[in-house]
Amino acid sequence: MASASTSPLFQAFARVPVHFERGEGVYLYDSDGQAYLDFAAGIAVNALGHSHPHLVTALKDQAEKLWHTSNLYESPAQESLADRLCENSFAERAFFTNSGTESLECAFKTARRWHYDNSAPERYEIITFEGAFHGRSLAAISAGGNEKYLTGFGPKVEGFPHLPFGDHDALKAAINEKTAAILIEPIQGEGGIRPIPHQCLRGLRELCDEHGLLLIYDEVQCGIGRTGKLFAHQWVDGAEPDIMAVAKGIGGGFPVGVCLATAEAASAMQPGSHGTTYGGNPLAMAVGNAVLDVVLEDGFMEQVQERGLFLRQRLAEIADSYPDIIESVRGGGLMQGLKCKALNTDVVAAFRNEHLLSVPAGDNVVRLMPPLVVSKDEIRQAVSKMGDALDKMQASAAA
Ligand SMILES: *Cc1c(COP(=O)(O)O)cnc(C)c1O
């Protein structure tokens with residue numbers, strides 16, 4: 001294996017020295033054939049686990065027909081995926097992309113352009129919140145507001161005022177004649193699995209209505225069934241957005257993203273105002289449609305809810321059993337976080353030593369986001385590995 005210093009790759013990632021050769025369901029197999037339980041799922045990407053037969057067939061079939069045509073021509077596959085997303089959400093229009101960042105970029109541009117078209121070009125600011133993560137483009141790091149990601153990349157893209165988490169007075173004070181929209185993740189992912197209270201989402205909707213602002217949700221991580229509803233905000237009545245960015249789970253591992261919007265918000269984007277070469281490509285649409293075939297099946301969401309509850313209860317037991325290492329459990333459905341007292345990266349490494357994959361997040365949290373098809377038995381196995389890992393951490397702390 002290439003050492004870090006001789007690797008031809010940008011050293012932009014601190015990679016764990018393990019590589020996986022194949023996956024099946026909730027398991028990954030490394031180059032020595034060792035099995036790992038995958039409760040990271042590519043950071044909430046592999047919604048249906050690895051090598052799901054329906055997705056494999058969809059991709060293979062499409063690969064033999066047509067790979068790419070560009071968006072110069074009609075796309076029935078885009079229309080069908082868009083119809084299905086719209087039928088199952090607030091949305092009436094869809095713009096397909098290849099990533100979460102691009103879905104957010106489309107959301108930013110749609111919001112700004114909508115105000116421009118409505119004779120308010122001065123309204124271009126999009127309010128965001130501490131702990132947010134919206135991607136890594138220049139606009140997205142400005143929207144996220146995390147200094148670590150902004151450092152060294154020149155001036156911040158203007159127009160993303162960044163507010164403290166949950167400070168209602170600061171929010172009211174921040175809205176002015178330049179405000180175009182408010183952007184929020186209904187459950188912060190990278191920020192540490194921090195759910196936004198339901199009444200806050202409703203409050204944001206009311207505030208947007210009162211001031212003529214657009215409400216934008218980033219459901220790149222919490223969407224596509226992760227919480228047991230197709231979209232996380234659907235747990236809340238009266239809090240639908242105008243625009244929403246989606247990616248990760250919708251491709252099940254194939255790069256797909258989408259910006260969803262009401263017809264009104266999307267009306268600002270006309271031929272020439274935005275574009276993409278690959279977005280909505282036939283391979284991506286075949287996989288996206290196949291993911292929805294499974295996720296929209298009768299009973300699938302109920303199963304995610306049931307498994308989510310089961311995981312949550314087992315995690316609560318873990319937190320009770322290891323109070324020196326784990327402080328609390330938070331999240332929804334199969335998007336759960338362990339807020340740690342020990343260093344979260346140590347906990348992730350200890351889990352990995354037991355062949356259980358998890359992901360660190362902000363606020364010293366360990367994320368557990370198994371594929372949505374995880375079984376109760378696989379959850380039991382994962383929790384047993386957690387117990388083994390935490391026993392060893394406790395023993396070595398005592399030694
Ligand atoms: C991952 C993520 C993004 C960025 O998505 P990419 O596909 O990496 O561009 C944006 N927002 C949230 C909430 C995410 O979790």
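The radius of gyration is taken here over C-alpha atoms, and the value expected of a globule is 2.2 Å times the number of residues to the power 0.38. For the 399 residues of this chain the rule gives a radius near 21 Å, and the chain itself has 21 Å, so its radius agrees with that of a compact globule. The model is a predicted one. Along the principal axes, the C-alpha atoms of the protein chain fill a box of roughly 70 × 55 × 50 Å. The secondary structure of the chain consists of 13 helices and 17 strands.

The ligand has a shell made up of Ser99, Gly100, Thr101, Leu104, Phe133, His134, Gly135, Glu185, Asp218, Val220, Gln221 and Lys248. By class, three residues of this shell are nonpolar, six are polar and three are charged. Helix 4, spanning residues 100–117, provides the largest share of the shell, with three residues. Polar contacts to the ligand involve both backbone and side-chain atoms of the protein. On the backbone side, an N or O atom of Gly100 lies 2.8 Å from an oxygen atom of the ligand, and an N or O atom of Phe133 lies 3.2 Å from a ligand nitrogen atom. For Gln221, a polar side-chain atom is found 2.7 Å from an oxygen atom of the ligand. The ligand taken alone exposes 380 Å², of which the protein buries 82%.

The second largest pocket has a volume of about 790 Å³. Its lining comprises 29 residues, and those nearest the centre of the pocket are Gln78, Ala94, Phe95, Phe96 and Met269. Two or more lining residues are given by each of helix 3 (76–87), strand 4 (93–97), helix 4 and strand 12 (257–261). Among these elements, strand 4 accounts for the largest share of the lining, four residues. Helix 4 thus contributes to the lining of this pocket and also to the shell around the ligand. The pocket lining divides into 12 nonpolar, 13 polar and four charged residues.

Enclosed space was examined over the whole structure, and the search returned one cavity of 30 Å³ or more. The volume of the largest cavity is about 30 Å³. This cavity is lined by Leu138, Ile141, Ser142, Leu150, Phe153, Gly154, Pro155, Lys156 and Val157. Helix 5, which covers residues 138–144, gives the most to the lining of the largest cavity, namely three residues. Six residues of the cavity lining are nonpolar, two are polar and one is charged.

Definitions and conventions
Residues are numbered from 1 along each chain as its sequence is written. This is a predicted model: local features need pLDDT of at least 70, side-chain atom pairs count only at pLDDT 80 or more; totals for chains, interfaces and linings use all residues. Side-chain values use heavy atoms; hydrogens and water are left out. A residue is near a molecule or strand if one of its heavy atoms lies within 4 Å of it. A polar contact is a pair of N or O atoms within 3.5 Å; within protein, one must be able to donate a hydrogen and the other to accept it, and residues adjacent in sequence count only if both atoms are side-chain atoms. Accessible areas come from the Shrake-Rupley method with a 1.4 Å probe; for residues, only the protein chains shown count as cover. Ala, Val, Leu, Ile, Met, Phe, Trp, Tyr, Cys and Pro count as nonpolar, Asp, Glu, Lys and Arg as charged, and the others, Gly among them, as polar. On a 1 Å grid over the protein atoms alone, a cavity is a set of points where a 1.4 Å probe fits but cannot get out, and a pocket is an open set with protein on both sides within 12 Å along at least five of seven lines; lining residues have an atom within 4 Å of a point. Grid points are joined across faces, edges and corners, and a volume is the space filled by probe spheres set on the points.
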